[in-house]
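Subject: The structure we talked about

Hi,

Here is the structure I promised to pass on. Have a look at it first, then read my notes below.

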Amino acid sequence: MVPQESSEDPLHVASRLHAFNRFELKYLVPVDQAADIRDELAERMDADLHSPVGGYGVWSLYYDSPQLQFYWEKIEGLKFRRKLRIRHYGNLDGVTDDSTVCVEIKQRVNRVTQKRRIMLPYGVARQLCDHRAVVEHSPKESAFIQEVLELVVRLNLQPMAITGYQREALVGRHADTGLRVTFDRRIRGRDRDFHFGTETAENRFTIPPHMSVMEIKVNERTPHWITDLAARRNLNLVRISKYVQSIEAFGLAPRSVFHVNEADCPPPTPNEEQPLEQRSAQHDASLTVGAK
């Protein structure tokens, strides 16, 4: 089942087409601290109905031009920018052409993030984005389908990077119904083997595995108690993009202010009372690059 961003009150444009606007704040947080923050938030928020214990997988295939236009628009901070992706929720094992995915245009208008997406079978989504074919759609979906095709053809968009992570989500209750907080960990990706169902694909961590990304998403304003929590826990806003991080991690473009430098995120100091082999194993695990 595809998790819906239900707390964001999407506008139901058609049965398969959804759109919503929001503001986003991002923090880079050690995984162990993220667990404490999540537990504190749970006192005033509810677990997303589509977020099981331990979270769910989110995998995105990003498209870009051969000149990396979408990447550079992000780096240059254009007030209006877009990017195209195919997103799959859940485990990649057993993904087929019949699996449900989202074809999504994510765009930024000044400080507001806007998403428009359509749910399609994976095979149909690939026909649209990879083969530039007009796929079957309803009249209400026509404008979105044509916009995707226009972007793909005009900019010669091609698969550029896949990102994946494990997400846990909380949603606001009562007066905070527009609030959503997500914790993304084990953020990894690849720059090849772009079919979601590739069995032998190897991923590498693009953000150190002991770090997670916490995102606060609101429709209008951030509740004061959330900003108080961030201040009390000394959380600092970061400029981070999982797509940009992947492009730079794989050497497809120079590192920018959006790149997370591993030297700035050292792993926790091992407990000196642990056996040497256990400390060594923990260190090796933090550098593993092939985890699915």
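Before the strands, one term: two strands count as paired if DSSP finds at least two bridges between them. With that in hand, look at strand β8 (residues 158-172) and β9: they run antiparallel and are joined by nine bridges. Keep in mind throughout that this is a predicted model.

First, the overall picture. The chain has seven helices and eleven strands. Of its 292 residues, 51% are buried. If you take the contacts in the chain with a separation of 6 or more, 71% of them are between residues 24 or more positions apart.

Now back to β9, which I'd start with. This strand spans residues 180-190, and nine of its eleven residues are buried, so it is mostly covered, with buried meaning under 20% relative accessible area. On the β8 side, Gln-166 sits opposite Arg-185 of β9. β9 also pairs with β11, again in the antiparallel sense, over five bridges. There you can find Arg-180 facing Lys-217 in β11. Then there is strand β10 (residues 204-205), which runs antiparallel to β9 and is joined to it by two bridges. In that pairing, Gly-189 stands opposite Arg-204 of β10. While you trace these strands, it helps to remember that side chains in a regular strand alternate between the two faces of the sheet.

One residue in β11 is worth a click: Ser-212, in the strand that covers residues 211-218. Is Ser-212 buried or exposed? It counts as buried, because its relative accessibility is 2% and the cut-off for buried is under 20%. What does Ser-212 touch, leaving aside its neighbours within four places in sequence? Its contacts are Tyr-27, Leu-28, Val-29, Pro-30, Val-31, Ala-34, Asp-184 and Arg-185. You have met Arg-185 already, as the β9 residue opposite Gln-166.

Next, a pair of helices. Two packed helices are described by the angle between their axes and the distance between the axes. For helix α2 (residues 69-76) and helix α6 (residues 242-249), the angle is about 110° and the axes are 10 Å apart. That makes α2 roughly perpendicular to α6, because angles of 65 to 115 degrees fall in that class. The crossing of α2 past α6 is left-handed. Where they meet, α2 brings Tyr-71, Lys-74 and Ile-75, while α6 brings Tyr-243, Val-244, Ile-247 and Glu-248.

Two loop residues caught my eye as well. Most residues other than glycine have a negative phi. His-174, in the loop between β8 and β9, has a positive phi instead, near 55°. His-174 is exposed, because its relative accessible area of 69% is over the 50% cut-off. Asp-193, in the loop between β9 and β10, also has a positive phi, near 50°. Asp-193 has a relative accessible area of 36%, so it counts as partly exposed.

Last, the cysteines. How many disulfides are there? The count comes to zero, where a disulfide would need a pair of cysteine sulfur atoms within 2.5 Å. Among the cysteines, Cys-102 is buried at 1% relative accessibility, and Cys-129 is buried at 1% too.

Have fun turning it around on screen!

Cheers

Methods: Residues are numbered from 1 along each chain as its sequence is written. This is a predicted model: local features need pLDDT of at least 70, side-chain atom pairs count only at pLDDT 80 or more; totals for chains, interfaces and linings use all residues. Side-chain values use heavy atoms; hydrogens and water are left out. Buried means under 20% relative accessible area, exposed over 50%, partly exposed in between (1.4 Å probe, protein chains only). Helices (H or I, at least four residues) and strands (E, at least two) are DSSP runs, numbered from the N terminus. Contact means heavy atoms within 4.5 Å. Axes are lines fitted to C-alpha atoms, for helices over the stretch in contact, and angles run from 0 to 180 degrees between N-to-C directions. Angles under 35 degrees count as roughly parallel, over 145 as roughly antiparallel, 65 to 115 as roughly perpendicular and the rest as oblique. A crossing is left-handed if the near helix is turned anticlockwise from the far one by less than a right angle, and right-handed if clockwise.
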